[in-house]
Amino acid sequence: MLLGTNLGDKKNNLEIAKNLINKEVGKINKESNILENKAEGFTTDHLFLNQKIEINTSYSPFEVLKKIKDIEQKMGRIYSKPKENESYVDRLIDIDILFYNKLLINCNYLKIPHPQNYSRDFIKSLYFY
């Protein structure tokens, strides 16, 4: 999974998200370094903190997606329309499923592996210890 935040107390946002994931989705096995980087796909003055985590879960990918969207909502994420010619907006927390074992899923609301795994340089800069 990929965690990202560029609003509020960003370090705390990551910790809250990890605690909720650990409690509601599955046990966190590994955590990557935390990377501070500029936004991609939209204009903002707020830098992001990003981190990858690896979890063990008994839930299906679709159940995991529902649970992480619930966590985003619990934490106060607001979905708003991006500005014209931009793809994204600032966010308190964003949780993406990068991989799920070796599954390939390609439907309207879930793509695994995540399509940006290979196009976003910052994802390649996050490594597990």
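With a relative accessible area of 52%, K66 counts as exposed (exposed means over 50%, buried under 20% and partly exposed in between, using a 1.4 Å probe and protein chains only). The structure is a predicted model, in which local features need a pLDDT of at least 70 and side-chain atom pairs count only at pLDDT 80 or more, while totals for chains, interfaces and linings use all residues. Residues are numbered from 1 along each chain as its sequence is written, and side-chain values use heavy atoms, with hydrogens and water left out.

## Overall fold

The protein contains three helices and six strands, which are DSSP runs numbered from the N terminus (helices H or I of at least four residues, strands E of at least two). Followed along the sequence, these elements give the pattern β-α-β-β-α-β-β-β-α. The radius of gyration, taken over C-alpha atoms and compared with a globule rule of 2.2 Å times the number of residues to the power 0.38, is 14 Å, close to the 14 Å that the rule gives for 129 residues, so the protein is as compact as a globular protein of that length. The C-alpha trace spans about 40 × 30 × 30 Å along its principal axes, and 43% of the 129 residues are buried. If contact is taken as heavy atoms within 4.5 Å, then 67% of the contacts between residues at least 6 apart in sequence join residues that are at least 24 apart.

## Nonpolar cores

A nonpolar core is understood here as a set of buried Ala, Val, Leu, Ile, Met, Phe, Trp, Tyr and Cys residues joined through side-chain atoms within 4.5 Å. The largest such core has 23 residues, of which M1, I21, V25, I68 and I95 touch the most other members. Helix 1 (10-24), strand 3 (48-56) and helix 2 (61-75) each contribute at least two residues to this core, and the largest share, five residues, is supplied by helix 2. When residues up to four places away in sequence are set aside, I95 touches M1, L2, L3, A17, I21, I68, K69, I71 and E72. Apart from the largest core lies another one of five residues, which include L98, F122, I123 and L126.

## Helix 1

Helix 1 has 15 residues and reaches 21 Å from its first C-alpha to its last, close to the 21 Å expected at 1.5 Å a residue, where the expected span is 1.5 Å times one less than the number of residues. Its buried residues are K10, N13, L14, A17, K18, L20 and I21. These buried residues lie on the same side of helix 1, because they cover an arc of only 165° around the axis, the arc being that of the directions from the helix axis to the C-beta atoms. The exposed residues K11, N19 and K23 are carried on the face of helix 1 that is turned away from the buried side. The elements against which the buried residues of helix 1 pack are strand 1 (2-5), strand 2, strand 3, helix 2 and strand 4 (94-96).

## Salt bridges

The structure holds ten salt bridges, each defined by a side-chain nitrogen of Lys or Arg within 4 Å of a carboxyl oxygen of Asp or Glu. The table lists some of them.

| Salt bridge | Closest N and O atoms |
|---|---|
| D70 and K66 | 3.0 Å |
| R91 and D94 | 3.5 Å |
| E40 and R120 | 3.2 Å |

The pair of E40 and R120 links distant parts of the chain, 80 residues apart, since E40 sits in the loop between strand 2 (27-37) and strand 3, and R120 sits in the loop between strand 6 (111-112) and helix 3 (121-124). E40 is partly exposed at a relative accessible area of 31%, whereas R120, at 13%, counts as buried.

D70 and K66, by contrast, both belong to helix 2 and are four residues apart, about one turn of the helix. D70 is partly exposed at 29% relative accessibility.

In the remaining pair, R91 is buried at 9% relative accessibility, and D94 is buried at 11%. R91 and D94 also belong to one network with K69, E72 and R77, joined by salt bridges that share partners.

## The loop residue H46

H46 is found in the loop between strand 2 and strand 3, and it is partly exposed, with 37% relative accessibility. Leaving aside neighbours within four places in sequence, H46 is in contact with N6, L7 and D90. The C-alpha atoms of H46 and L103, which are 57 residues apart along the chain, are separated by 34 Å.
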